Amino acid sequence: MPDGYHYADGEPMNGTADVLDLIGETWGRDVTWVAVPIERLPADFFTLSSGVAGEVTQKFANYRLGLAIVGDAAPHAAASNAVRAWIAEANRGEQLWFVRDEAELAARLSGRG
C-alpha cells in the first residue's frame, strides 16, 4: 500500500466524536488518506437528508485528509438516485472516494503520482 495511508478498521462509528477520534489516530503521522470499511460508518450515513455524511466528510476535509470508503456501496446507490449521483461525483474528486477494496484504493493512490 502506498505511504500516507491508514486503514481504520474497528468498531462502528456512532457520531462525530468517533470520527474525531479516528482522525486523532492519524495525527502526527504521515497520513494523507484514511480508509474506512463501509461497515464502520454511522447507520444513517447513506441517508443524505440526515446530514451525517456531510458532517463526516467535512471533518476529514477540515483536517486535510482524504477519506476512502471501502466496501460495496452498490446497494446504497441502487436505493437512491441522490446517493448514486453523490458517489459518482465523489469518485471524480480528490477528497472522498468509494472503492470496492484495498487493491482498488492502492491503484488509485498509486496513480496520483
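This is a short talk on one predicted model, covering its sheet, its salt bridges, its surface and a few loop residues.

Let me start with the record. The UniProt entry is unreviewed, and its annotation "domain: DUF4180" covers residues 8–109. Over residues 8–109 the chain is 47% helix and 14% strand. The end C-alpha atoms of that stretch are 16 Å apart.

Now the sheet. How many strands does the open sheet have, and in what order? There are 4 strands, in the order E1-E2-E3-E4, and the pairing is parallel. The edge strands are E1, residues 5–7, and E4, residues 96–99. Each of these two pairs on one side only. Neighbouring strands are turned by 20° against each other on average, with direction ignored. As general background, strands of a sheet pair through backbone hydrogen bonds, either parallel or antiparallel.

Next, the pairings. E1 and E2 run parallel and share 3 bridges. On that side, tyrosine 5 stands opposite tryptophan 33 in E2. Then E2 to E3. Strand E2 is residues 33–37, strand E3 is residues 66–70, and 5 bridges join them in the parallel sense. One pair to find on screen: alanine 35 has alanine 68 in E3 as its bridge partner.

How many residues of E2 are buried? The count is 5 of the 5, so E2 is largely enclosed by the rest of the structure. Look at the side chains. Trp33, Ala35 and Pro37 point one way from E2. Val34 and Val36 point the other way. All of them are buried.

E3 next. Here 5 of the 5 residues are buried, so E3 is also largely enclosed by the rest of the structure. Gly66, Ala68 and Val70 point one way from E3, while Leu67 and Ile69 point the other way. Again, all are buried. The general rule behind this: in a regular strand the side chains alternate between the two faces of the sheet.

On to charges. A search of the whole structure finds 2 salt bridges. Take glutamate 89 with arginine 92: the closest N and O atoms are 2.8 Å apart. Why does this spacing in the sequence suit a helix? The two residues are 3 apart in helix H4, residues 81–92, so about one helical turn separates glutamate 89 and arginine 92. Glutamate 89 is partly exposed, at 47% relative accessibility. Arginine 92 is exposed, at 61%.

The salt bridge of arginine 100 is with glutamate 104, at 3.4 Å from N to O. Arginine 100 has a relative accessible area of 63%; exposed means over 50%, so arginine 100 counts as exposed. In general, side chains of opposite charge can pair when their charged atoms come close.

Stay in this part of the chain for aspartate 101. Aspartate 101 sits in the loop between E4 and helix H5, residues 102–110. Is aspartate 101 exposed, partly exposed or buried? At 36% relative accessibility, aspartate 101 is partly exposed. Now a contact in space. Proline 37 is 64 residues away from aspartate 101 along the chain, yet their C-alpha atoms are separated by 8.8 Å. Recall that Pro37 is one of the buried residues of E2.

Now the nonpolar surface. Which residues make the nonpolar patch? They are Leu20, Trp27 and Tyr63, and the patch is about 330 Å². Leucine 20 belongs to helix H1, residues 16–26. Its relative accessible area is 34%, so leucine 20 is partly exposed.

Last, helix H2 and the loop that follows. Alanine 61 is in helix H2. Alanine 61 is partly exposed, at 30% relative accessibility. Its C-alpha atom is 18 Å from that of methionine 13, with these positions 48 residues apart along the chain.

Arginine 64 lies in the loop between helix H2, residues 52–62, and E3. Check its backbone. Phi of arginine 64 is near 55°, a positive value in a residue other than glycine. For background, most residues other than glycine have a negative phi. At 73% relative accessibility, arginine 64 is exposed.

To close, three places to look at on screen. Go to E2 and E3 for the buried strands. Go to glutamate 89 and arginine 92 for the salt bridge in H4. Go to arginine 64 for the positive phi.

Methods: Residues are numbered from 1 along each chain as its sequence is written. This is a predicted model: local features need pLDDT of at least 70, side-chain atom pairs count only at pLDDT 80 or more; totals for chains, interfaces and linings use all residues. Side-chain values use heavy atoms; hydrogens and water are left out. Patches are made of residues with over 30% relative accessible area and no salt bridge: like charges are joined within 9 Å, nonpolar side chains (Val, Leu, Ile, Met, Phe, Trp, Tyr) within 5 Å. Accessible areas come from the Shrake-Rupley method with a 1.4 Å probe; for residues, only the protein chains shown count as cover. A salt bridge is a side-chain nitrogen of Lys or Arg within 4 Å of a carboxyl oxygen of Asp or Glu. Buried means under 20% relative accessible area, exposed over 50%, partly exposed in between (1.4 Å probe, protein chains only). Two strands pair if DSSP finds at least two bridges between them. Axes are lines fitted to C-alpha atoms, for helices over the stretch in contact, and angles run from 0 to 180 degrees between N-to-C directions. UniProt positions are given in the numbering used here, feature names are shortened, and annotations may be inferred rather than shown by experiment.
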